[in-house]
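Trainee: I should like to learn how the terms used for a protein model are justified. May we take them in turn?

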Amino acid sequence: MSAAPATFLRQYELVERVQAYAPQASEDQLNAAYVYAMMKHGTQKRASGDPYYSHPVSVAGILTELRLDEASIVAGLLHDTIEDTDATYDEIKGLFGEEVAELVAGVTKLSELEYTSEQSKQAENFQKFILASIQDLRVLLVKLADRLHNMRTIHFVPKEEKRKRISRETMEIYAPLARRVGVYKFAAELEDLSFRQLNPEAYSALQLRLKELRSRSEDDVERVGVELQEMVSRAGVEGRVVGRQKQPYSIWRKLKRKDISFRDVADIFAFRLILKEPADCYQMLGEVHQKWSCLQDRFRDYISMPKPNGYRSIHTTVRAAGNRRIELQIRTEDMNRTAETGIAAHWSYKNSKYGFDAEGALEAGLDPAASLIAFADMMGDGADAQEFYEHAKLEMYMDHVFAFTPKGRLIVLPNGAMPLDFAYAVHTNVGDSCTGCRINGETRPLRTELKNGDVVDIIRGENKKVVQGWEALTRTGRARSAIRRLIRSREIESYHALGQRTLAAALESLQLTPDQVNLDEIAHRLSLKDGGALLDALGRQSLDVGKVLTEAFPARAHEILRSFEAIRLNESTANRLIDIRDLPSGGALHLCSDCQPVLGDRIVGIQKKGEPITVHVIDCNRLADDDAAESRWFDLSWSGMPPGGMMALGRIKVTAHNRPGVMAELCTAIAESGSNIMGVNSGERSIDFMDLLFDIEVADLKHLALILASLRSLSAVDRAERIRN
């Protein structure tokens with residue numbers, strides 16, 4: 001494509017812009033940063049043919065529109081120097097100070113991100129970027145300005161595939177982040193520019209329809225604007241009327257979400273009444289509703305109940321002149337500034353210094369730290385980068401529901417959230433100990449979706465207790481990652497306790513005591529972190545207890561290894577492992593092939609005339625068939641186990657998502673749980689799910705239960721259960 005002539009701010013123009021709202025900003029610092037960016041980027045060119053330094057200068061210009069502080073403007077000028085030139089953090093710190101260096105380091109351009117082979121890299125970079133933004137929200141604002149200028153010039157990028165990839169990333173990440181912190185001005189433009197690249201046919205069609213609609217409706221819309229201004233004057237309030245047309249992407253999103261036609265979009269034309277005081281907003285709302293009928297389901301009061309990003313306004317849709325539906329937004333000047341630029345609206349002078357006014361932001365209903373805090377909580381709960389990335393995108397896209405604690409605290413959640421989401425939003429400990437809930441005074445199931453205005457009282461137990469499957473009763477990444485963390489911690493405790501019992505029993509068989517073994521020292525020799533990790537490995541059956549004891553008592557290694565060979569439960573060893581009262585002379589045992597008994601099962605024996613005794617689990621389906629007069633029943637129990645324990649065959653059925661790599665995940669989980677796979681078969685299969693049948697080696701019933709728990713904890717697994725043929 002042909003290059004357009006470069007149009008960007010001159011050095012003196014940028015300084016004048018900043019000093020217009022921040023007179024104390026250092027002219028020398030701004031000039032030095034401008035020159036430094038020019039020198040470092042040197043002869044680099046953009047796809048448009050412009051010198052590369054025109055980009056950071058344009059980014060700095062966009063930041064002046066938000067009236068950000070001097071450090072942010074300088075960071076905008078320098079934001080690509082560490083990534084794209086020979087500049088270093090230390091050099092920038094020495095020249096411009098630590099504050100600027102930290103901002104530049106935080107906003108340094110993310111590596112080229114791909115949606116295929118580099119997906120994990122993308123997730124990790126996004127996670128790091130969010131962490132930097134939480135520590136200083138200016139990082140996010142500079143990055144948004146950087147992306148906005150890149151999108152304004154994306155038509156110069158020659159490859160369509162690259163334009164679409166960047167646009168998709170902008171639509172999925174940066175536009176929602178801009179909304180998250182209330183910078184609607186950026187969000188709307190980012191969405192529209194991305195939409196134009198991703199769906200040019202739809203964009204052009206909507207532009208054509210809007211042009212046609214404007215030509216037909218111009219008189220009606222103009223008349224509505226005049227009448228609104230007259231109403232403001234008659235009411236004796238101070239204010240102004242601003243008309244606007246909905247952006248193409250905003251219309252497209254509504255057409256898709258509500259499955260309606262173009263003519264059914266109510267707010268293609270909208271007006272804002274921008275007034276002086278909040279009381280004036282409610283006065284004008286009354287004036288408007290007296291003159292024009294309103295659509296009841298289109299009324300929202302975000303002044304009394306602000307959005308989580310601080311947005312405040314009254315929204316109403318009325319039937320005005322020409323029976324035309326018009327959306328009205330009624331707000332004050334301060335509310336309008338926050339609506340346009342979010343957290344950026346709260347940079348001002350305080351104590352003779354220009355900077356972010358956190359107190360003023362809180363008074364306006366905006367808590368900048370809370371805007372991204374749910375993401376930080378997910379990382380604290382151990383969510384991996386990919387999991388974090390997917391849940392973050394999910395939460396950024398959702399509309400909101402507003403619920404209250406019994407004491408009146410407002411909790412803002414994504415639409416479709418349920419009581420467990422509410423509990424974890426209040427506090428992690430509240431979610432961990434949740435046993436039930438009351439909504440508006442009535443006991444309700446935890447699967448109940450919350451509605452605006454609900455008062456939710458979480459019923460708590462004394463202990464932290466999470467139930468398998470509770471993840472399905474949540475919508476937020478914060479709640480899901482916390483539940484997974486608790487499940488993991490409970491499993492670790494179980495494995496640790498099982499390891500302790502295994503070691504104690506083995507030591508007792510050798511007439512030794514636990515205080516004769518230094519677990520940390522043995523763990524170090526086995527390349528494990530500590531004694532706790534050693535016990536965990538024993539519990540998971542990934543470490544043999546005989547190996548631990550030979551490390552602890554090398555002089556007795558031969559005796560220990562001979563004693564700690566696991567005995568397999570089969571026809572030949574059954575008599576050694578199962579105790580039968582009143583066993584007839586010469587009796588033999590046969591293991592039922594249907595129920596496949598394992599150590600820990602309650603077992604019984606059935607003997608038909610002329611046949612060996614068959615061992616069954618007490619709930620085996622075959623028992624009903626063998627309940628005949630000629631059958632003889634025996635009371636069975638497990639005898640004392642050899643030090644090395646035993647291994648039996650367990651059968652399990654796993655219902656998992658039908659996608660590539662699932663089999664590898666399942667096999668890894670089984671192996672890490674200390675089991676060998678003896679056989680595997682596929683069962684029913686659909687587009688979404690498939691059944692897999694595994695024959696696995698298990699030490700006992702508890703080992704089998706732990707393997708099933710490990711499988712159920714996988715996101716790919718829908719169900720995992722023991723089966724009997």
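Mentor: The following conversation sets values from this model against the definitions behind them.
This is a predicted model, in which local features need pLDDT of at least 70 and side-chain atom pairs count only at pLDDT 80 or more, while totals for chains, interfaces and linings use all residues. Residues are numbered from 1 along each chain as its sequence is written, and side-chain values use heavy atoms, with hydrogens and water left out.

Trainee: Why is the contact of Lys185 with Glu65 called a salt bridge?

Mentor: A salt bridge requires a side-chain nitrogen of Lys or Arg within 4 Å of a carboxyl oxygen of Asp or Glu. The closest N and O atoms of Lys185 and Glu65 are 3.7 Å apart, so the pair meets the definition. The structure holds 25 salt bridges.

Trainee: What makes the pair of Lys185 and Glu65 a tie between parts of the chain?

Mentor: Lys185 belongs to helix H11 (residues 184-198) and Glu65 to helix H3, so parts 120 residues apart in sequence are tied together. Helices (H or I, at least four residues) and strands (E, at least two) are DSSP runs, numbered from the N terminus.

Trainee: Which other salt bridges illustrate the term?

Mentor: Glu189 and Arg152 meet in one, at 2.8 Å from N to O. This pair also links distant parts of the chain, with Glu189 in helix H11 and Arg152 in helix H9 (residues 137-152), 37 residues apart. In another, the closest N and O atoms of Glu160 and Lys164 are 3.9 Å apart. Those two residues are separated by about one helical turn, because they are four residues apart in helix H10 (residues 160-180). Salt bridges that share partners also join Lys40, Asp86 and Glu91 into one network.

Trainee: Why is Glu160 called partly exposed?

Mentor: Buried means under 20% relative accessible area, exposed over 50%, and partly exposed in between (1.4 Å probe, protein chains only). Glu160 has 47% relative accessibility and therefore counts as partly exposed. Lys185, at 34%, is also partly exposed, and Glu189 counts as partly exposed at 26%.

Trainee: How do you know that helix H4 is largely enclosed by the rest of the structure?

Mentor: Eight of the nine residues of H4 are buried, so the description follows. Among the buried residues are Ala71, Ile73 and Leu78.

Trainee: What is notable about Arg67, in the loop between helix H3 (54-65) and helix H4 (70-78)?

Mentor: Arg67 has a positive phi of about 60 degrees although it is not a glycine. Its relative accessibility is 45%, which means that Arg67 counts as partly exposed.

Trainee: Why is Asp454 said to have no salt bridge?

Mentor: Lys and Arg count as positive and Asp and Glu as negative, while His and the chain ends are not counted. The nearest side chain of opposite charge, Lys451, is 5.8 Å away from Asp454, which is buried. Asp454 lies in the loop between strand E11 (442-444) and strand E12 (456-460).

Trainee: What makes the pairing of Asp454 with Asn440 a polar contact?

Mentor: A polar contact is a pair of N or O atoms within 3.5 Å; within protein, one must be able to donate a hydrogen and the other to accept it, and residues adjacent in sequence count only if both atoms are side-chain atoms. The side chains of Asp454 and Asn440 make such a contact at 3.0 Å. In addition, the backbone nitrogen of Lys451 lies 2.8 Å from a polar atom of the Asp454 side chain.

Trainee: How do you know that strands E8 and E9 pair?

Mentor: Two strands pair if DSSP finds at least two bridges between them. Strand E8 (residues 400-404) and strand E9 (residues 410-414) have five bridges in the antiparallel sense, so they satisfy the definition. Ala403 has Ile411 in E9 as its bridge partner. The hairpin has five residues between the strands, and Gly408 there takes a positive phi near 95 degrees.

Trainee: Why are strands E1 and E3 called edges?

Mentor: Five strands form an open sheet in the order E1-E2-E5-E4-E3, with mixed pairing. Strand E1 (239-245) and strand E3 (300-301) each have a single partner strand, so one side of each is left without a neighbour in the sheet. E1 is joined to strand E2 (residues 269-275) by seven bridges, and these two strands run antiparallel.
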